[in-house]
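The following questions and answers ask why certain terms are applied to this protein chain. Please look at the structure before reading on.

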Amino acid sequence: IVREIWRNVGGSEISSIPFDTPPDETITHTAFEAGQNQGDNYGSRMRGYICPPATATYVFWLASDDRSELWLSTDENPANKVKIASVTGWTRYHQFDKYATQSSGRINLVAGQRYYIEALHKEMGGADHLSVGWSITEHLTAYGHWPIPGKYLIPFEEDRSVCSDDPNAGFVQRE
């Protein structure tokens, strides 16, 4: 997945991130997770496409320090995205259960179809991190809450029309 980072961003709200300007840095990640302790006063967006491994009902989970939002589209079109989870304060690293808003509720996804997904993150000061996990509700331990592996992700704007069955494929780009 791709992560875009905007440095020296004041304020505490997601809305203070200047998404209409080019990011200061773009990084590709192999899981839906940003590193810890990357700095202070920055904003970031991780986005791409998610390819569910099975047709099932999923729950998405979000953890971050400080604020974050998770958006998912009903298809691969970013214009159809809706906010499905948020962190309004901060959590510890991989703490997916501090706020009720951290989980998405049940979402039906179809295997082989790609869906646009986006996590927005605003860091003020101190420790920082961002992680997105998921669970199949019928098998809550099958994928756990751990960050979604890159093999289920396609970077945003990559010209690929279908999800890959290759277990080594996929990565997330962080801006």
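A residue counts as buried if its relative accessible area is under 20%, as exposed if it is over 50%, and as partly exposed in between. The model discussed here is a predicted one.

Q: Why is Glu-69 called buried or exposed, whichever applies?
A: The relative accessibility of Glu-69 is 16%. The limit for a buried residue is under 20%, so Glu-69 counts as buried.

Q: What makes Lys-83 buried, partly exposed or exposed?
A: Lys-83 has 45% relative accessibility. Partly exposed residues lie between the limits of 20% and 50%, and Lys-83 therefore counts as partly exposed.

Q: Why is the contact between the side chains of Lys-83 and Glu-69 called a salt bridge?
A: The N to O distance for Lys-83 and Glu-69 is 3.8 Å. A salt bridge requires a side-chain nitrogen of Lys or Arg within 4 Å of a carboxyl oxygen of Asp or Glu, so the pair qualifies. The two residues belong to distant parts of the chain, with Lys-83 in strand β7 (residues 81-87) and Glu-69 in strand β6, 14 residues apart.

Q: How many salt bridges does this rule give?
A: The count comes to seven. One of them joins the side chains of Glu-4 and Arg-45, at 2.5 Å from N to O. This pair links strand β1 (residues 2-6), which holds Glu-4, with strand β4 (residues 42-50), which holds Arg-45, and the two residues are 41 apart along the chain. Glu-4 and Arg-45 also belong to a network of salt bridges that includes Arg-47.

Q: Why are Glu-4 and Arg-45 classed as buried?
A: Glu-4 has 3% relative accessibility, and Arg-45 has 11%. Buried means under 20%, so both residues count as buried.

Q: What makes the pair of Glu-13 and Arg-67 a salt bridge?
A: The side chains of Glu-13 and Arg-67 meet at 2.4 Å, N to O, and the cut-off is 4 Å. Glu-13 lies in the loop between β1 and β2 (25-29) and Arg-67 in strand β6 (residues 67-73), so the pair ties together parts that are 54 residues apart in sequence. At 40% relative accessibility Glu-13 counts as partly exposed, and at 22% Arg-67 counts as partly exposed.

Q: Why is the ring pair of Phe-60 and Trp-134 called tilted?
A: A search of the whole structure finds seven aromatic pairs. In the pair of Phe-60 and Trp-134, the ring centres are 6.1 Å apart and the planes stand at 45°. Ring centres must lie within 6.5 Å, and planes that are neither under 30 degrees nor over 60 degrees apart count as tilted, so this pair is tilted. Phe-60 lies in strand β5 (residues 56-65) and Trp-134 in strand β10 (residues 129-136), so the pair ties together parts that are 74 residues apart in sequence. Both Phe-60 and Trp-134 are buried. Ring pairs link these two residues with Tyr-58 and Tyr-152 into a cluster.

Q: How do you know that Lys-81 sits over the ring of Trp-71?
A: Lys-81 lies over the face of Trp-71, at 5.4 Å from the ring centre. The distance cut-off is 6 Å. Arg-7 likewise lies over the face of Tyr-42, at 5.8 Å from the ring centre.

How values were computed. Residues numbered from 1 in each chain as written. Predicted model: local features only at pLDDT ≥ 70, side-chain atom pairs only at ≥ 80, totals over all residues. Heavy atoms only, no water. Helix = DSSP H or I, 4+ residues; strand = E, 2+ residues; numbered from the N terminus. Buried < 20%, exposed > 50% of the residue type's maximum accessible area, 1.4 Å probe, protein only. Phe/Tyr/Trp six-rings, centres within 6.5 Å; stacked < 30°, edge-to-face > 60°. Lys NZ or Arg CZ within 6 Å of the ring centre and 35° of its normal.
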